[in-house]
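Thanks for making room on the agenda. I will go through one structure, starting with how some of its helices pack and then turning to the strands. Please have the sequence and the coordinates open while I talk.

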Amino acid sequence: ETDRWFMKDKIVVGIDAGSSAIKISLYDGETFENSLSPSSWNPKEQAAGLLETVLAGQGHTQAAYIVGTGYGRLNLPFVTKAMTEITCHARGAGYLLPEARTVIDIGGQDAKAIRVDDCGKVQDFIMNDKCAAGTGRFLQVMANALGLDVADIGSIEADAGGQVCTINSMCTVFAESEVIGLVNRGVSREAIIAALYTSIANRVAVMAAAIQPLAPVAFTGGVAQNRALRLQLEARLGLPVITSAQAIFAGSIGAALYAWDAAR
Ligand code: ADP
């Protein structure tokens, strides 16, 4: 209550400058206003413009504190403080899904697994940012090879339908060739999609095993919107995997929560 009075009319901001999208969360101590814009060739200007627009949209001209995170965080001159993705994602996921003991984030060009304690504090983590396989980029390339958009692939039922279909390559470029080969052999799109999910879930489960994941697992990042992939991940991990409609904003929400603490 004292906080609320002291911070009255104050707004803080968390910005997650990702490889695929810039996410901005405004926070007034009670509610979040989340916005997203696909990353352009000039993220610095884009983030500044988006920030101005969302602040103005809520009747503010400036923020009391801005925490930047994500891949492009060091390229944002207007942030008060930059923080790592691991720290911010863990905090944001802990806010959205407080029961989670592990966070798996699959974004545009990386995948990470974070084990958290019952206060949402990071205990261990592992990250793959060296290879596109098992990331959103992989899903995007394969969706395109199937003539689909990454958001539409989720609406097609993944179903092997008795067809033996696997994607064996660990390399995105070769896996794309495999997909094109399967299409040309007349394998159904549903079966290929099922094989793609298996490939991504395997990759991510093998990575996550290194931190000894605990249940339940919170699935965040853009790829978490794909329900079939979430279920496949659940099967591969042997652990319940939960998500939230706001999961793509985990990083920016976590950043905004840190900004709120710092501005008090
Ligand atoms: P980053 O933080 O790296 O920008 P995000 O967490 O924003 O990444 O996730 C971006 C990725 O999410 C894209 O590469 C895309 O593959 C995936 N994605 C976006 N929308 C969807 C959707 N509706 N279903 C599944 N995946 C999606």
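I start with a helix contact: Phe 138, Val 141, Met 142 and Ala 145 on the α4 side meet Thr 172, Ala 175, Glu 176, Val 179 and Ile 180 on the α5 side. Sorted by class, the residues of this contact of α4 with α5 are seven nonpolar, one polar and one charged. Before going further, note that this is a predicted model.

Now the geometry of that pair. Helix α4 covers residues 136–145 and helix α5 covers residues 172–184; their axes come within 10 Å and cross at roughly 25 degrees. Angles under 35 degrees count as roughly parallel, and α4 and α5 are therefore roughly parallel to each other. The handedness of the α4 and α5 crossing is right-handed.

Helix α4 has a second partner to look at, α6. Here the axes come within 11 Å, with a crossing angle of roughly 165 degrees. Over 145 degrees counts as roughly antiparallel, so that is the description for α4 and α6. The crossing of α4 past α6 is right-handed. From α4 the contact takes Phe 138, Leu 139 and Met 142, and from α6 it takes Leu 196, Tyr 197, Ser 199 and Ile 200. By class, the contact of α4 with α6 has six nonpolar residues, one polar and no charged. Phe 138 and Met 142 of α4 are named in the contact with α5 and again in the contact with α6.

While we are on α6, let me pick one residue from it. Ile 193 sits in this helix, which spans residues 189–209. Is Ile 193 buried or exposed? Its relative accessibility is 0%, so Ile 193 counts as buried. Which residues is Ile 193 in contact with, leaving aside neighbours within four places in sequence? They are Leu 146, Leu 148, Ile 153, Ile 156 and Ala 158. For a sense of distance, take Asp 261: Ile 193 and Asp 261 are 68 residues apart in sequence, and C-alpha to C-alpha they are 43 Å apart in space.

Next, the strands, beginning with β6, residues 102–106. Five of the five residues of β6 are buried, so the strand is largely enclosed by the rest of the structure. In a regular strand the side chains alternate between the two faces of the sheet. In β6, Thr 102, Ile 104 and Ile 106 are buried on one side, and Val 103 and Asp 105 are buried on the other, so to speak of faces, both are covered.

What does β6 pair with? One partner is strand β7, residues 111–116, in the antiparallel sense over five bridges. Four residues lie between β6 and β7, and the two form a hairpin. As a register check, Thr 102 has Arg 115 in β7 as its bridge partner. β6 also pairs with strand β9, residues 217–220, in the parallel sense and over four bridges. There, Ile 104 has Phe 219 of β9 as its bridge partner.

β9 itself is covered on both faces: Val 217 and Phe 219 are buried on one side, and Ala 218 and Thr 220 are buried on the other. β9 is joined by two bridges to strand β10, residues 241–242, and these two run parallel. The bridge partner of Ala 218 in β10 is Ile 242.

Now another sheet. This is an open one of five strands in the order β3-β2-β1-β4-β5, with mixed pairing. Its edge strands are β3, residues 32–38, and β5, residues 81–82, each pairing on one side only. Strand β1, residues 12–17, runs parallel to strand β4, residues 65–69, and five bridges join them. Within that pair, Gly 14 stands opposite Val 67 of β4. Helix α2 packs on this sheet and touches β1, β2, β3 and β4; its direction makes about 30 degrees with that of β2.

One last residue, from α2. Gln 46 is in this helix, residues 43–57. Why is Gln 46 counted as buried? Its relative accessibility is 14%, and the cut-off for buried is under 20%. Not counting residues up to four places away in sequence, Gln 46 touches Ile 22, Ser 37, Pro 38, Ser 39 and Ser 40.

That is what I had; I will take questions now.

Conventions
Residues are numbered from 1 along each chain as its sequence is written. This is a predicted model: local features need pLDDT of at least 70, side-chain atom pairs count only at pLDDT 80 or more; totals for chains, interfaces and linings use all residues. Side-chain values use heavy atoms; hydrogens and water are left out. Buried means under 20% relative accessible area, exposed over 50%, partly exposed in between (1.4 Å probe, protein chains only). Contact means heavy atoms within 4.5 Å. Two strands pair if DSSP finds at least two bridges between them. Axes are lines fitted to C-alpha atoms, for helices over the stretch in contact, and angles run from 0 to 180 degrees between N-to-C directions. Angles under 35 degrees count as roughly parallel, over 145 as roughly antiparallel, 65 to 115 as roughly perpendicular and the rest as oblique. A crossing is left-handed if the near helix is turned anticlockwise from the far one by less than a right angle, and right-handed if clockwise. Ala, Val, Leu, Ile, Met, Phe, Trp, Tyr, Cys and Pro count as nonpolar, Asp, Glu, Lys and Arg as charged, and the others, Gly among them, as polar.
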